[in-house]
Amino acid sequence: MRKFFQEIKADLKFKTAGPGQKLSEPSRAPRERPKAEAAPKPRQAPTDEAQRAAAAALARLELKPKGKAPSPSQEAIKNQVKKELMAEAAASEKGLSMEEKEQEEEGAAAPSVSGVYFVCPLTGTIVRKDQKEKQLREAIQAYFSVDPVAASIMEIHTFNKDREKVRLCVETMARYLDNIYLHPEEEKYRKIKLQNKVFQERISCLEGTHRFFQAVGFETKTLPVPGQGKNSASRPTLLLAETTEEFYVLKEEMLSRLEELKDSKEQLLSSQPVRAQLHRQPAVFRPSPAAARFELPHDFFSLTAEELRREQRLRTEAVEKAAMLRTRAMREKDEQREMRKYNYTLLRVRFPDGYILQGTFYARESVSVLYNFVREALRDDWLPFELLGPGGLKLTDENLAFNECGLVPSALLSLAWDAAVMADVAAAAEEEQRSPLRPELLARAQSLS
């Protein structure tokens, strides 16, 4: 095979014969061109990528086993080399490996849900997961025009992630306000030195605290430090430079509104972080044999896209490992490790009439949340029912989390009515049997692809 490529290379050196002439023999030296004839334009050397691809193709051809089967024709070999070179070049231009290029051509199935969404509790706006904090900040900032005290308290509790630091902060701030409320006649309690060590370490370093003091009626003033800036008794002729510092000072008019100060303190102590609420994205699908097939977006995973690809490559090892003899404790440990990869789960509940109700949940939410979700979708929410997991297992313990029941990152469940109650309902019903789902949900029913 190498000899064949050497012959091709040698053929490139032959010159083309004119009309009525014969080609020069390979062993003969080419005739000298007339001086008047211009020299042919030199060929451009192949790129490094093309040379490497050609070398790889040649190596693959040489490694093919030599049997008695007839060797492919020279034309077929040329076409194969050309095809591989063109494919390598196309993949190189896009920055993709050949394996990635094949995956791209195959295409990915459409996801079962477009992503994970959240609802801002202040505005009701629905946003994607990566936009929820930005939406919260904008909503709280806008709320300052409505209630600056409440907005500043939201900032303190929401945007400072260390809960222990927040606890110490609000307790110290509440103590400042308590001293003013209990001793309004004491001027010293109405002033807070900003450079005070406790104030700096517990309050000043947290987001939203300064805006709270301003909202409840404090203003910033530069005041002389008590006990300094006077003549020293030991040095009567020496004048010391007056020292000043920054203070928060309660405005005089707030002394007549001390109850408001007390209410602000209680609100500060009792408030909780403002959290965007997971949007269930309720959806109803018509009966379909594809109900158990799920395609989840990356939002459902706690891993990065690169980590997900690595996990997929390790699937074959997992299959081999499953075939090995392992103890129950080992299997449970592996299952728990697998469950921690997911933050959310997409659940579908199939009704006896075939219709399917779908919703998005946290992986660590309890089964009781799913029961409530189904009840809210029913036309008659008092009807008793049971939910059956994969394999027909009844989900009787509603305190268990979805990841503890093996219902992550997705699962198809079945709903079963209480037989005795449904028999009574059917006997008493005079009208045509209706779907148990609410009409507004049925009106938006979709088809599973």
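**Notes on the helix packing and the small sheet**

1. Start with helix 6 (residues 148-159) and helix 10 (residues 258-270): their axes sit 10 Å apart and make an angle of about 25°. Keep in mind that this is a predicted model. Angles under 35 degrees count as roughly parallel, so helix 6 and helix 10 fall in the roughly parallel group. The crossing of helix 6 over helix 10 is right-handed.

2. Who touches whom here? On the helix 6 side, the contact uses Val 149, Ala 150, Ile 153, Ile 156 and His 157, and helix 10 brings in Ser 264, Gln 267 and Leu 268. Sorted by class, that contact of helix 6 with helix 10 has 5 nonpolar and 3 polar residues, with no charged ones.

3. Helix 10 also packs against helix 7 (residues 163-182), with the axes 10 Å apart and an angle of about 165°. With over 145 as the cut-off for roughly antiparallel, helix 7 and helix 10 are therefore roughly antiparallel to each other. Helix 7 passes helix 10 in a left-handed crossing.

4. For the contact itself, helix 7 supplies Val 170, Glu 171, Met 173, Ala 174, Leu 177, Asp 178, Ile 180 and Tyr 181; facing them in helix 10 are Leu 258, Glu 259, Leu 261, Lys 262, Lys 265, Leu 268 and Leu 269. The class split for helix 7 with helix 10 is 10 nonpolar, 5 charged and no polar residues. Leu 268 is worth a click: this residue of helix 10 is in the contact with helix 6 and also in the one with helix 7.

5. Now the sheet. It is an open one, built from 3 strands in the order 3-5-4 with antiparallel pairing. Strand 3 (191-193) and strand 4 (218-224) are the edges, each pairing on one side only. On average, neighbouring strands are turned by 35° against each other, ignoring direction.

6. Within that sheet, how many bridges join strand 4 and strand 5? Strand 4 and strand 5 (residues 244-250) are held in antiparallel pairing over 7 bridges. If you want a place to begin tracing them, take Pro 224, whose bridge partner in strand 5 is Thr 244.

7. Last, the aromatics. The count comes to 15 aromatic pairs. One of them is Phe 199 with Phe 213, a tilted pair at 5.9 Å centre to centre with 45° between the planes. Phe 199 belongs to helix 8 (residues 197-204) and Phe 213 to helix 9 (residues 209-215), so this pair ties together parts that are 14 residues apart in sequence.

Conventions. Residues are numbered from 1 along each chain as its sequence is written. This is a predicted model: local features need pLDDT of at least 70, side-chain atom pairs count only at pLDDT 80 or more; totals for chains, interfaces and linings use all residues. Side-chain values use heavy atoms; hydrogens and water are left out. Two strands pair if DSSP finds at least two bridges between them. Helices (H or I, at least four residues) and strands (E, at least two) are DSSP runs, numbered from the N terminus. Axes are lines fitted to C-alpha atoms, for helices over the stretch in contact, and angles run from 0 to 180 degrees between N-to-C directions. Angles under 35 degrees count as roughly parallel, over 145 as roughly antiparallel, 65 to 115 as roughly perpendicular and the rest as oblique. A crossing is left-handed if the near helix is turned anticlockwise from the far one by less than a right angle, and right-handed if clockwise. Contact means heavy atoms within 4.5 Å. Ala, Val, Leu, Ile, Met, Phe, Trp, Tyr, Cys and Pro count as nonpolar, Asp, Glu, Lys and Arg as charged, and the others, Gly among them, as polar. Rings of Phe, Tyr and Trp (its six-membered ring) pair if their centres lie within 6.5 Å; planes under 30 degrees apart count as stacked, over 60 as edge-to-face and the rest as tilted.
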